[in-house]
Structure formats: C-alpha cells, structure tokens
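Colleague: I am new to this structure and would love a close look at its aromatic rings and what lies around them. Please take me through that part step by step.

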Amino acid sequence: MLTSPSSRYELRMNVNQQTPMASPYGPPQPGYGQPSYAPLGGGYPGPYGPYNGPAAAYQPGAPPQGPARGPLTSAPRPVSTPQAYSQYPQGDSQNGPPPMDHSMAQSPVSQPYSQGAMNLSGPHPSYSQQYGAPPPMQQVTNQMSGMQIGSGPPTSVGPGYAHHPSTQPPISAAYSSAAPPSYTQAPPLSAAPSQPPPPSEPAASQPYYGGPPPPQQQPFPSAHHPSQPFVSSSPYLGPPSQPQAPPVSQQQSFPPGPPAQQPFPNSAPPPVSQASYSGPPPLTQHSFPPSSQSGPFPPISISPSQYPGPQPQSQPGPPPFHSGPSPRGPVPPPSMSQQQANHLPPGPMQQQQPPQPGMQGGYPTQQNGAFGQPRGPQPGYAGPQYPGQQNYGAGPAPAPAPPAQKRLDPDSIPSPIQVIEDDRVNKSSEPFTTGVKGQAPPLVTTNFQVKDQGNASPRFIRCTAYNMPCTADMAKQHTPPQSPLVCSPPLKTLSYTPPYIVDHGEGGPIRCNRCKAYMCPYMQFIEGGRRFQCGFCSCVTEVPPHYFQHLDHTGKRVDCYDRPELSQGSYEFVATVDYCKNNKLPQPPSFIFFIDVSYNAVKSGMVNIVCQELKTLLDYLPRENPEADSVVRVGFVTYNKVLHFYNVKSSLAQPQMMVVSDVSDMFLPLLDGFLVGVNDSRMVIESLLDQIPEMFADTRETETVFGPVIQAGLEALKAADCAGKLFVFHSTLPIAEAPGKLKNREDKKLVGTDKEKNPHSGESCVAQGCCVDLFLFPNQYVDVATLGVVPVSTGGSVYKYTYFQAETDRERFLNDLRRDVQKPMGFDAVMRVRTSTGIRATDFFGSFFMSNTTDVELAGLDCDKTVTVEFRHDDKLSEDTGALMQCAVLYTSCSGQRRLRVHNMAVNCCSQLADLYRNCETDTIINFFSKYAYRSILNTPTKTVRDTMVNQCAQILACYRKNCASPSSAGQLILPECMKLLPVYLNCVLKSDVLQPGADISLDDRAYLRQLLSCMDVSESHIFFYPRLLPLVKLDGGSLPMAVRNSEERLSKGGVYLLETGLHLFLWVGANAQQELLSNIFGTPTFSQIDPNMTSLPELDNPFSQRLREIIDSFRSQRSRYMKLMVVKQEDKAELIFKHFLCEDKSTSGGASYVDFLCHMHKEIRQLLS
C-alpha cells in the first residue's frame, strides 16, 4: 500500500554549479544577524580571516556541553539451571552500557547533522590509484561543478513514517570548478571553518597490532611549508563522464576556459528550526523543499527521520528557520528555465573578485589543524595547474594565484557521531520489544533494554535488512545483501540473563516430522491442540500426549505464556542421549596447557608469568553454578623440540615428567594422572608450576615444534573420551624436524597468491571436540596464516603479543588469559539454520569447520564467537507470511550436559523496493561486507576485491536512486536514510590494513587481523572500523563526553583525547594542554615531563583521574581483547600510529578521505545511472 510521499527518508546532494540569483523564498527570518562577506578573491570571508584551528578546538576553561554515555559493565554469567517460568520475569535484559541519568545537549565538537539534500559539486577529489587512468584536468574541470546543500522532495513510494524534527546550523556554499569539492559554512557555533587534512607523510614500518614501535621512526617534521588550498594525492583517477544535454540530464558541459569562482552571496542562509511537515505541496518546481533564504544556496533542510521520539536539544546558535510544508506527491522535475538557471557554465557572467584588503594575492596561510604548522604541498603531487595558479612543488610560481578554494565542510555530510547520538536519544528510553516483525532494532552503540516477545534479541541475532524481497528477481536488482543473519550462538550471555532451559524429559524436544524444526512461536496448533502445523515447511505433526493442551478462543494454547518455546525467541532444551555422540552422555571437558619452554619464551619472561598466573587462575575455571566447584579437569605439557608430559596425580608427592622425543609419531605416554581435578591435585600442580621456570631457566634450545603439540592434545582427549580446549603458548616459527615443520615464507609477493594460503585443517580436532586457543609471543615472522588455521577451524582464538616484554605487556596478556579461561564455553557443537519455504542458507562466515553444506561444526564455542549466514531465494515469498529463520545449536555445556539452544527470527517480505530500503542496518551490512572481502582476498587479487565492494555499494545506492527516489537533478547524490553512513563505513573497510594495498603491515599481522575479524560481532566490527574518539574535557558524574569524528581537524592543541579501536587505547595529549588537566591525569603540570612509555595511568586522588580510569576500565570490559593503553604526545613519533586510526582523513598508505570517497562514490553512481 502506498502512503504519503512525505515519508521518504533520504539524503540528497547536488553536483551542479549554481549561479547567483534572487531567492524565490523571500528574505531571511528577522532576528538572524547576517554576517557580511568580503569578496572571495583574496581569501576567506571577512568574519573568518585566516584559519587558526579546527571548528571544535579545545577551549581552556570552556568545555563543550556534550552529551555522554555511561560505561558498560560486565558481570559473570548467571546460573543457568532450570528456573520456574513465568511470562516475563527475566524478559528485560540490558544491552550495552547502563542507562544515563543526565540529559545531554549537542556538543559543539560535532555539528548536528540532518538528513537533507546535499550538493556534491566541484570536481571530484583525488582517489587511490585503483580506479584507472586520470582524465585530462580540463575535462575534470568541465565535468564537475559547484556544491550546495538542498533538500530533495519525498516520493510517493512506500508506507509512511513519522517525521523527525531536529535542528541544523545553516549552511551556504560557494564553489569553483577548478579545485576539489569545497564547502563554506555559515558561521559555525564555536570557531573557524574546517580545513584540509595535513599532507600525508609515508609512515615507517609499524607493528600496529602488538609490541612497541621500532626505533627508526622519526617525529613529524615541524618545518613550515607553503600553504596549499587543498590536499590531494593525485589527479582524480577514473573514466571521465561524457557531457550530456541539459534538457535530458540536467547537466551542461562547460566550455573550456579559465575557472571562474562564484561570488559569495551577500546574505547568509537562514537559521534552522524544528520543522513541521504538513500542508499542501509547494507550488515551486525545485529539487529541494522551499525555505526562506536570500542566496542561491539552500541550507540543509530537515527530512523526516526514521524513528519518532524525543529529539536532542539544539545547540546555541543562530535562530532557526522553518523548512516549510512537505510535498505530498511526486514533485515534477525542474523546468527548462530552472535547469538552465541552476546549471549555467562558468563564463563571463561570473566575475573574479579582488583579493581581500590587507592580504597578499594568492592563498591565505592555512594552519595544520590547530597545531600551528602551515600546510605543505602533498608529496608527489604538484596539483592541477591553471592559468595564474602558483606551481607548488615544481619551482617558483610563474604568476599570481587565483582566489582561494574552499573545500567541502565535513560537518555538512553524514556524521556517524550524530547518527549514533540521535539513535541513543530516541531509542534508549523505551524497551525494545522483539514481537514486532520487521522492526529494526537500535544501533549496537545504543544502550537499550530488550523484551523478548517471540523473536530473538538483537544481542543474539541481527539482520542486514528486516524486510526481504518477495522474489529473486527483485533481490537481483542490486539491493542490500540478502538478510545475512549475524548470530552469536550459543553463549552470548556473559553479561546478560541466559535463556530459559526447557526439559521435556526422555521424549526430548518437540519437532516437526518433516524439516525437523524445533517447537517455536511460529508453530500453529490445529484440531483443538492435537496437531500443529510447522511454520517452516507447513507439515502437520501430531502433538505427543504429554505435551497436549487445549486452545483458547484465538487458537493459541492456554499455556502459551507459561512455556518459553511458545512465547520466547531464544531458549534452551535439555537434549537426550539421542543427541549425543555414539549415543553416550558426554564426559566433563578438560583443559590442557602447552607451554613453550624454548630460549625465546624463557628469556622474554613468558614462561614464568604463565606458571605464576595458572596457580591462581585454576580456581576460576568455567562453571555454571558459581557456588559449586568446576568439573573441568586439567593437564600440563611443556615443549621445545621434544614434549614433556607431567603426571600430577594427587597421590604423588612430586610431579613426574615423561619426555617424548619421537615427535614424528606422537603418542600419550600416560593415562592415569595426566588429566586431574584441580582440588584433588592442587599441591602437586602448584609444585609443578613452581619448578617449570627453574627447570628451563638455562635452556639453550631455540627450535620448537607445533604439529606434534596439537596431536598430543588430541590424543589425550581421545584417551579420556571427552571434549576440551588446548591452551598453547608459543613463541617462534616451528622449524624443528617434525610433522608440521614450517619455513620462513615472509614475502610480500605472496600476498593474494595460492602460497599465502595454508593447506592444513583442523578436521580431526573438530571431530573430537578439541578446541585450540593459541597465544603467540613472536619477535619475528611465525607464519600466523598457518599456525592460526587450527584455532580458527576449531572455534578457538588467536592472541598475538609481538615483541613481548614482561614489564609492559604483562597486564594485557594476563587479562586476555583470565578472560579466555573463565568465560562460559560450549564444546563439540553443531549449528544448523532452518528457513521457511522460499529461502535457504547458502554461505557461512566465522571460526568453524563444515564437512557438508548445512552443518556448522565447532569444537568449541564461546560468547565472543559470531557466525554470519547469507541467504538466497529458492522460490517466491509471501508478503502475508514473511520469512522465518531458526538457528539451533547442539552443544555440551561446561558441566557436561548436552543442550540445544534455539534462536528464532521472523522478518517481513515486501514487493516494493522502497520498503526494502526502509529497515536496513548499516552496521550489519558492513560486518558482512568486511567478512566477505577478508575471505575473498585469499583467492582474489586485492584490487579486484576492493573494486567489487565499491561497485556493490554503488549498485545498492544507484538502485535506490533509480527506483525509490523522486525525479531530481543528475547532480544530486541521494542516500536512503538508514544507509546514509554506508559510504563512510565502507571507506573505513577499504582503508583497513588487510585491504589497503599500500598498508605497511607484516604478513603475520595481516593474517592475524583477517582471522580476528572472521568471528567479530557487529559491535566489535563497528568500533574496529570506526574507532571512538572522546575529548577529555569535563568528566562529571556517570556520563561520557560526546565523541567527536575521527579526523585530525577535531583535535585541539590544548586538549586530551581518548581513542578506542577495539584492540588499542590511545591517550593523545596536545602540546598546549592546560597544566591543571595534565596534573589531574599524569600528576605533572608540564607537557615535557609526561612519560610516553607508560601503559597505565597513575592513581591520583582527584575526581578527574578516578573518572578517567573508570572510563578506561569500562571500555576494556566491553571488548573481547584487553586494550593496552598507549600515551601519544603531540608531534611524537608514536603519533603516526595514532593518526593511522583517524579514518575520516586521508591515510599515509593511500586511502581516501571520507570527503574524497563520497565524491568518488557519487561519480560511480552517476556512471551506473547513465
């Protein structure tokens, strides 16, 4: 059913040059002071003057009034014994940080972004070299034009949604066709306008993912360079677009000639207010809603948001404007005269403005961020040469420079920070009820309560789209990925209430006779309750007598809300012996610790740390009842080029060592006394752990084995007839003569070839239920790609500590080890996904092994592992019934009980593309895209993988533009509301070290990151690709300061910032930070006295220090890996690593900035549409 067109949620950007003309909307509202703008020929408008810092610079004594988020806490898993069930006694569970008590206002550091119409004009910026040969600069100049922000009219496609009033600072743009896209904004709230990112310096080789940086890095150069109007790596690369006739495409080819700059309008755009969307459609025929303005450039107008609810308070600033009524029907395209008026080519009509009085001709000096360094030319790029332009980097200037070019204001394009904040404000107050089919949940960054009403909680399952296309033909129109299911079975309950456990006795779980789906809320009981019809395959099955119950007047069982499997989306069944291997109930699992005692391992201090920690850690083995002792048994082995087994039987006075030197045919030298209970043999175990460091303190053995280690653990578990986990602490490349011997193949030429892949697999380990966790302590290449295959295929984890040093890395390693040993585990697991008729699961991503096309086998499964499932169409789906998915995981609990955990998900089906784009989740799409790309690079050249991702993203957005958006100028970039962050997040994925061809990363780190991402959930991948940057200005109460965007321009020389990447924590300290701030954090008032090598903050007795350490602890508790703190002083050599994670800037390895990539994406979309 079609509803009001005013429900269209989209973001529009125009790429067309506009000439100054009288506003059709009348004068600005009274009360708005219009700044006077000097002519642009000589530099910035009068009120701005030369640029002296970022818009959100740190103001001493005037912290931003920012909203904050509370920390997330983690608690041990509650007891998972059977409970008395009632309808919702435990239905409310917390996801994310605890709720906040403070109301929050918008922070000046992040301008509020409203989805309006954006005009990406001007020549598209430079992009990386993967996109073909550069076109002639004149062709690029003629092809691109000015940029502005406007608002596109909604269409009549798709059902309506509530409107989203918000506020937005006014924006006006003047443009030239001679430079990369630039933007000028009306006076912002805090300070001067944004500036280009600094020129990128080639980074030295950095082990980003472990270990201290090598000493060869040099600090940033501080020499002053000539200023540069924009930063660009190279001329824009890519096939040029052909000019088209204006009446057809609303685009004109520009005649050759010197570039002319538009005069800046003499009046500023009107301010913004909360808009009301009601009333008749406007009479004018423009591609943006009418607004009151006095210049040719419309400000950002407010489009309806996706969710109704309370809105954040506006920032103090100019008075608002009313965006006017929303059209209720398709708006006709602009008339011929309007098109010509909006798209006049540069020519004599546009006058060059004289320089500003008091300034020399040419470019005004631009400062490097707020750091006080004038910008130098981009290395290796002399810039496009125009008549009269200064020739940077290629000798003295032959003639005076043309007027300064303004670049696109990052505050005017979609802001991840603003979207996250808006979602938090709108969706954190009310519980999210899962019973509404097709409803998109809050973002992973939002703290919200969940009420399970028949669909699995978002903490268990998230979909890329909650509306699926009804037909395969519709799905092939380059729509979003087909509802990949991102689920975290079975134990994502580390800090949540576990699902209810249902025990049906000897009969076992109730299932469909045909498709074997388990009883769930989608089963329909018929014939008075004697039979039920399966919601997946429609087969009718008899209800067992013991399960019979009468139906009420609605056709539901009268005990529906008393049974979790009939009213909940997630629950567990106690499995019978029929679900056990060999029809035998399983034994409790075992943990075996393999400790490398070669020279490097002993010398680094790893052996001593492991042995000392295990003495206390064995008291915290996983258990379901915190009051009871763990039933997990333990064993110990040390190894170098031979293996040493230890008998720690409780009856012995001292442990006994047995050496197996024949590693080519590994066997277990003892059965009784190898795997023991901790409480039974505590004295012998502690004696052993005290002796191991002493026994090998003087070792000179440098060679190690690895294959025999895994084989030994496998044989031990087979002999004990149980599942379990191997903890392997390994330091060097296994080059000793033994099965699995490896050679050094560290060669960048192997990247992307068959030789980069590893031939080994963990099939035999999976069959036994033997999970492997690998802790690596390398000082050089260890071939992580090969060593990590067994952990990844068995559901285990790889931890890597490059250049391990006991003093600085001890805390990180021990926290990882403690969490890995203590977290709830499932063993010997099998997962199967069942779907309703019409779709099927076709592809799986994660850490597991598959011996067939349907069963996902995991030797071990914990709360940090995620499995991603992709679906395809088999047949046509019905809009009435929707699509059903059931994920069932059979596993052995840490107490030795066989269980089935079931997650159910129902999504809507739609026949309109507009409905499909309405309920997408960008974070989940990026999680799926990144896993698909990281896996593809093993078989496909990296360039091909990158091009495929860019093309797929462009196809998705072009499909929306073609089929869902209203007719508008070809120069507009239109983004669906729920996917407006897709370009920025995709650019972050392309700039990641694994996919960036120029990334200075070792082969080991590349393999480590690829394996790490394969099992990340959506919240982990979100922070991994778009880190969180917090200004540490005012830390009051339990709230967090509002994050700022990941760009160097957001850093103030007088501030301190905390950056969280999911693997690292950086504390960046500006050179001009206040003495009081430094004293509160570091205990020293001067910048020079700060120790950059500290890995933990001093415990000072002041509220600021205490609150900062609490924030750091809460960040660490939210992540599966312990994040080591690195203090980065401004202009120190370590700042190169810090800037590597500022993902909206151009990277030193060639990755495009957010602004550049957005323009490139728009060019790709236009090519597809043409």
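Modeller: Let's begin with Lys-1129, which lies over the face of Phe-1087, 4.8 Å from the centre of the ring. A charge is said to sit over a ring when NZ of Lys or CZ of Arg is within 6 Å of the ring centre and within 35 degrees of the ring normal. Arg-557 offers another example: its charged end sits over Tyr-547, at 4.4 Å from the ring centre.

A word on the ground rules. This is a predicted model, in which local features need pLDDT of at least 70 and side-chain atom pairs count only at pLDDT 80 or more, while totals for chains, interfaces and linings use all residues. Residues are numbered from 1 along each chain as its sequence is written, and side-chain values use heavy atoms, leaving out hydrogens and water.

Now to rings that meet other rings. Rings of Phe, Tyr and Trp (its six-membered ring) pair if their centres lie within 6.5 Å; planes under 30 degrees apart are stacked, over 60 edge-to-face, and the rest tilted. That rule gives 32 aromatic pairs. One of them joins Tyr-522 and Phe-536 in an edge-to-face arrangement, with 6.3 Å from centre to centre and 65° between the planes. Tyr-522 is in the loop between strands E10 (501-502) and E11 (524-526), and Phe-536 in the loop between strands E12 (531-533) and E13 (540-542), so this pair ties together parts 14 residues apart in sequence. Helices (H or I, at least four residues) and strands (E, at least two) are DSSP runs, numbered from the N terminus. Tyr-522 and Phe-536 are both buried (under 20% relative accessible area; exposed is over 50% and partly exposed in between, with a 1.4 Å probe and protein chains only).

For a stacked pair, turn to Phe-777 and Tyr-801: their ring centres are 5.4 Å apart and their planes meet at 20°, so they count as stacked. Phe-777 belongs to the loop between strand E21 (770-776) and helix H12 (784-787), and Tyr-801 to the loop between strand E22 (798-800) and helix H14 (806-822), so the pair links parts 24 residues apart in sequence. Phe-777 and Tyr-801 are both buried.

These two rings have company. Ring pairs join Phe-729, Phe-775, Phe-777, Tyr-799, Tyr-801, Phe-804 and Phe-813 into a cluster. Phe-813 is found in helix H14, and its relative accessibility of 0% makes it buried. Setting aside residues up to four places away in sequence, Phe-813 touches Ile-609, Val-610, Phe-729, Phe-775, Phe-777, Tyr-801 and Phe-804, where contact means heavy atoms within 4.5 Å. Lys-800 stands 13 residues from Phe-813 in sequence, and their C-alpha atoms are 9.1 Å apart.

The loop between E22 and H14 also holds Tyr-803. Tyr-803 is not a glycine, yet it has a positive phi of about 50°; with a relative accessible area of 35%, Tyr-803 is partly exposed. Most residues other than glycine have a negative phi.

Next to consider is helix H8 (residues 606-617), whose buried residues include Ile-609 and Val-610. The buried residues of H8 pack against strand E15 (590-596), helix H7 (599-604), strand E16 (633-639), helix H9 (682-695), strand E20 (724-730) and H14.

The rings also bring us to the nonpolar cores, meaning sets of buried Ala, Val, Leu, Ile, Met, Phe, Trp, Tyr and Cys residues joined through side-chain atoms within 4.5 Å. The largest core has 137 residues, and Phe-645, Val-728 and Phe-1082 touch the most other members. Helix H17 (residues 942-963) supplies the largest share of this core, 10 residues. Leaving out neighbours within four places in sequence, Val-728 is in contact with Phe-594, Tyr-639, Phe-706, Val-709, Ile-710, Val-772, Asp-773, Leu-774 and Phe-775. Apart from the largest core lies another, of 41 residues, with Leu-621, Ala-723, Tyr-801 and Leu-814 among them.

To set the rings in their wider frame, the protein chain comes to 24 helices and 33 strands, and 64% of its 1170 residues count as buried. Of its contacts between residues at least 6 apart in sequence, 80% join residues at least 24 apart.
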